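Dear colleague,

Please find below the structure I agreed to hand over, followed by a short account of what was found in it.

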Amino acid sequence: MASRYEIFCTVIESGSFTKAAQQLSYSQSAISQAIKSLENEIGTTLLNRSKDGIALTPDGEQFYPYIQAVFAAQKALGQKRWEMQGLENSVITIGTFTSVSRNLLPPLMLAFKKQYPHVHFVLTQGEYTSIASWIQNGKVDFGFVNADAASALESQKVYQDELLAVLPPNHALANQLSVALQQLAKEPFILLDEGDHSVALKNFRQLGLTPRIEYTVYDDYTILSMIRQNLGVSLMYRLVLTDMSDGLCVRPVAERPQRTINLAWRNWDTMPLAARRFAKFILKEMGAQPQKYPQP
């Protein structure tokens, strides 16, 4: 629907009410009413009509540049709104960790880009504590964190992942169908660095156990390489081990330790549109459609 400012500018540019009505697909009376309404708003006559056509009044001459500016701003606003709805050149920043960025995000980003091909992604790797901090200070739009690290954030559970014992193939415990945490605590242990919310350490402590930590490593796949070199044993997540267990012995843990991963953000309503739309897409695709945050 054309605004009064657009109608007025179209009348001036076309030189007649009739031509403006044709261009805008309005009736001539609707054009006249819009001009009259604009004149009432401004409080002066802007146009003179005669048998020779239309002409700006002296006041109209003064106001015309401002009316043009308002119309131009309206067009720019409409264009920007269209761009935002199509997420043109939008950048979505996500705090994540290796298993999510390797296994979960690629197919989700690919599917989302089929709908919004001009959106861009920035993935920032970290552990739960740093990711939660990045969300709080606005460095990332949203992120994946251990549920324990999301207490100060808005969040929604997206999946659970089980810790498995990972051993060199020739290890003595490899002959067992499952391994207990008490047994792992006695072995040279390679700890995955999860910041202040280590699921492995939490489960050891609940049993009063102190593992023999000889290495603390941030990268999951470095740990797998170290285990292949007989440097120790570890607890790794099932998602990490997808297609990566060659040359390793993987056994379930008797106590079945798990982590709950949430998608977390600072404030749903103030999150950038593109990020909000992708977060909602993730939650829907992972079967965790949020009832609390219905807006796109």
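**Helix α2 and its two sides**

On one side of α2, Gln-22 and Gln-23 are exposed. Please bear in mind throughout that this is a predicted model. The buried residues of this helix, which spans residues 17-24, are Phe-17, Ala-20, Ala-21 and Leu-24. Viewed down the axis of α2, these buried residues fall within an arc of 100 degrees, and therefore they line one face of the helix; Gln-22 and Gln-23 lie on the other side.

Which elements do the buried residues of α2 pack against? They pack against two helices, α1 (4-14) and α3 (28-42), and against two strands, β1 (47-50) and β2 (53-56). Ser-25 follows α2 and has a positive phi, near 60 degrees.

**Nonpolar cores**

The largest nonpolar core has 77 residues. Those with the most contacts inside this core are Ile-92, Phe-142, Phe-144, Leu-184, Leu-235, Leu-263 and Phe-278. Helix α10 (residues 273-285) supplies the largest share of the core, eight residues. As general background, nonpolar side chains in soluble globular proteins tend to be buried together.

Leu-263 may serve as an example. Leaving aside its neighbours within four places in sequence, Leu-263 is in contact with Phe-142, Gly-143, Phe-144, Glu-154, Ser-155, Gln-156, Val-158, Ala-279, Ile-282 and Leu-283. Apart from the largest core lies another, of 19 residues, with Ile-31, Leu-46, Tyr-64 and Ile-67 among them.

**Cavities**

How many cavities of 30 Å³ or more does the count give? The count comes to two.

The largest cavity holds about 130 Å³ of space. Its lining is made up of 14 residues, and those that lie nearest its centre are Phe-97, Gly-126, Leu-192, Asp-193 and Asp-220. By class, this lining has six nonpolar, three polar and five charged residues.

The second largest cavity holds about 30 Å³ of space. Leu-163, Leu-191, Leu-192, Glu-194, Ala-200, Leu-235 and Tyr-237 line this cavity. The elements that give two or more residues to its lining are β7 (188-192) and β9 (234-237). Six residues of this lining are nonpolar, none is polar and one is charged.

Two residues link these findings. Leu-192 appears in the lining of the largest cavity and also in that of the second largest. Leu-235, which lines the second largest cavity, is also among the residues with the most contacts inside the largest nonpolar core.

With kind regards

Methods
Residues are numbered from 1 along each chain as its sequence is written. This is a predicted model: local features need pLDDT of at least 70, side-chain atom pairs count only at pLDDT 80 or more; totals for chains, interfaces and linings use all residues. Side-chain values use heavy atoms; hydrogens and water are left out. On a 1 Å grid over the protein atoms alone, a cavity is a set of points where a 1.4 Å probe fits but cannot get out, and a pocket is an open set with protein on both sides within 12 Å along at least five of seven lines; lining residues have an atom within 4 Å of a point. Grid points are joined across faces, edges and corners, and a volume is the space filled by probe spheres set on the points. Ala, Val, Leu, Ile, Met, Phe, Trp, Tyr, Cys and Pro count as nonpolar, Asp, Glu, Lys and Arg as charged, and the others, Gly among them, as polar. Helices (H or I, at least four residues) and strands (E, at least two) are DSSP runs, numbered from the N terminus. Buried means under 20% relative accessible area, exposed over 50%, partly exposed in between (1.4 Å probe, protein chains only). The arc is that of the directions from the helix axis to the C-beta atoms. Contact means heavy atoms within 4.5 Å. A nonpolar core is a set of buried Ala, Val, Leu, Ile, Met, Phe, Trp, Tyr and Cys residues joined through side-chain atoms within 4.5 Å.
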